[in-house]
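Colleague: Could you take me through this model? I would like to begin with the helices and then turn to the empty spaces.

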Amino acid sequence: MSASSPAADVALSPRTVGASVAALAGLNFFLADVRDGLGPFLGVFLVEQGWKADSIGLVMMVGGLAGMVATTPLGMLADAVRSKRAVVAVSAVLVVVATLALLLYPSGPVVTLAQIATGLTGAAIGPAIAGLTLGLVGQAGLAAQLGRNEAWNHAGNFAAAGLAGLFGYFYGLTAVFVLMSLMAVGSLAMLARIRPQDIDHDVARGLEAVPEGAVHPEPPSLTVLLRSVPLRVLAVTLLLFHLGNAAMLPLLSQQVASAGSFDPAAYAAGTVLIAQLTMVPMALLASRLAQTRGYGLVMVLALVALPLRGLVAGFFDHPLTVLPVQILDGVGAGLLGVATPGIVARILRGTGHVNAGLGAVMTVQGIGAALSPGVAGLVAARLGYAPAFLSLGGFALLALALWLVALPRTASAMNGGESLR
């Protein structure tokens with residue numbers, strides 16, 4: 001690409017690629033039900049097939065670990081390849097094929113392989129979508145588009161959860177498999193409408209104006225990425241956040257189930273719908289704040305929401321506590337969904353390693369999410385539910401403290417870009 005070409009200005013001003021950007025929004029809507037596979041319906045399906053709780057937990061853990069381990073290499077892949085649309089397409093098809101195989105042959109090996117495939121494809125889709133977004137709108141348009149992406153994604157989750165519950169009630173769990181397949185077809189249709197010529201693949205990996213004939217940086221190793229102190233701060237902050245966040249909703253559902261005051265399945269579905277509905281306006285608000293006040297403030301607001309959530313859940317032992325708790329969940333997740341890729345893109349601007357950096361951050365935050373249920377369960381078993389909720393909120397306070405202490409360094413990196421050399 002020539003430094004004086006119009007495409008070289010993509011990092012400095014939003015591009016006029018309206019049709020592709022509109023298709024990107026639709027892609028995020030339809031992928032909402034595809035990237036996570038069956039999600040909470042997997043356990044219900046396997047119970048109907050005679051599986052025990054420990055076996056279900058094991059295959060779900062295997063899938064989660066596969067995705068966590070693969071996220072950083074797949075982020076590097078998103079930086080290295082120009083066929084990001086193909087990465088998303090193959091991922092969507094693979095997760096549907098794997099899940100349909102699970103429906104037809106719910107044996108141990110098939111279910112395990114299906115969960116591994118789901119974990120890997122979910123890990124591949126995130127960085128690929130981030131790269132497509134950056135390649136279409138550039139740094140200047142990124143905050144606004146991240147907000148739209150997240151809003152459409154949460155709207156898709158809300159619609160898919162509602163439809164899955166409705167169709168599953170009337171037609172059985174097979175309808176959930178059919179719905180996911182239809183959502184995958186929709187995602188492929190939206191993907192086909194994103195024009196390849198609208199994607200600047202240099203900008204998609206965080207490069208800006210690249211002189212013709214210049215040597216592009218190779219995809220980085222994890223060691224190279226870890227040289228970025230602001231990236232490490234962000235990763236550890238998110239590890240602590242998800243250490244406090246991941247177990248909050250399951251613990252709340254367990255508390256309600258043990259009290260026997262509500263139907264657990266209906267209660268769990270309601271919690272998901274409340275959170276997803278809240279995330280839509282929060283994602284749009286996050287993009288507006290990021291453009292006017294910066295990503296640092298968006299991150300602070302997201303981190304504040306979780307300690308408040310822990311306090312409400314810890315001090316108010318009532319089933320209707322789910323309303324403020326899940327609204328606060330929607331606030332935190334809606335803001336973080338925009339802040340995380342936006343901050344990574346700003347920190348690593350100009351390095352060519354944005355998607356690899358995002359993958360590395362997602363891997364570290366996945367460690368926190370994986371540890372959260374075990375820590376919360378241990379505290380709840382020894383001390384009760386209220387101390388467990390307060391402990392989870394305490395991890396979020398640590399995340400907030402770390403972010404505030406390091407904010408001058410991270411803000412400087414976001415303003416000037418982080419060199420990895």
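Modeller: This is a predicted model. A good starting place is Gly 138, where helix α5 bends by about 115°.

Colleague: How far apart are the end C-alpha atoms of α5?

Modeller: They are only 25 Å apart, although α5 has 64 residues. A straight helix would reach 94 Å at 1.5 Å a residue.

Colleague: And what does Gly 172 do just after α5?

Modeller: Gly 172 takes a positive phi of about 90° there.

Colleague: Let us look at one side chain. Where is Asn 149 placed, and is Asn 149 buried or exposed?

Modeller: Asn 149 is in helix α5. Asn 149 counts as buried because its relative accessibility is 3%, and the cut-off for buried is under 20%.

Colleague: Which residues does Asn 149 touch, not counting those up to four places away in sequence?

Modeller: Asn 149 touches Leu 24, Asn 28, Ile 129 and Thr 133.

Colleague: Now the enclosed space. How many cavities of 30 Å³ or more are there?

Modeller: The count comes to one cavity of that size. About 50 Å³ of space lies in the largest cavity.

Colleague: Which residues line the largest cavity?

Modeller: The lining consists of Ala 130, Thr 133, Leu 134, Leu 142, Leu 146, Pro 341, Ala 345, Val 354, Asn 355 and Leu 358. Two or more of the lining residues come from each of α5, α13 (322–347) and α14 (354–383). Thr 133 therefore appears twice in this account: Asn 149 touches Thr 133, and Thr 133 also belongs to the lining of the largest cavity.

Colleague: Which element gives the most to that lining?

Modeller: That is α5, with five residues.

Colleague: And how does the lining of the largest cavity divide by class?

Modeller: There are eight nonpolar and two polar residues, and no charged residues.

Colleague: Changing topic to the pockets: what is the volume of the second largest pocket?

Modeller: Its volume is about 240 Å³. The second largest pocket is lined by 16 residues, and the closest to its centre are Gly 294, Tyr 295, Arg 346, Met 414 and Asn 415.

Colleague: Which helices each supply at least two residues of that lining?

Modeller: They are α5 (108–171), α11 (264–292), α12 (295–315) and α15 (385–416).

Colleague: How many nonpolar, polar and charged residues are in the lining of the second largest pocket?

Modeller: The lining of the second largest pocket has nine nonpolar, five polar and two charged residues.

Technical notes: Residues numbered from 1 in each chain as written. Predicted model: local features only at pLDDT ≥ 70, side-chain atom pairs only at ≥ 80, totals over all residues. Heavy atoms only, no water. 1 Å grid on protein atoms, 1.4 Å probe; cavity = no way out; pocket = protein on both sides within 12 Å on 5 of 7 lines; lining within 4 Å. Points joined across faces, edges and corners; volume = space filled by probe spheres on them. Helix = DSSP H or I, 4+ residues; strand = E, 2+ residues; numbered from the N terminus. Nonpolar A, V, L, I, M, F, W, Y, C, P; charged D, E, K, R; others polar. Buried < 20%, exposed > 50% of the residue type's maximum accessible area, 1.4 Å probe, protein only. Contact = heavy atoms within 4.5 Å. Expected span 1.5 Å × (residues − 1). Bend = angle between axes of the 7 residues up to and from the residue.
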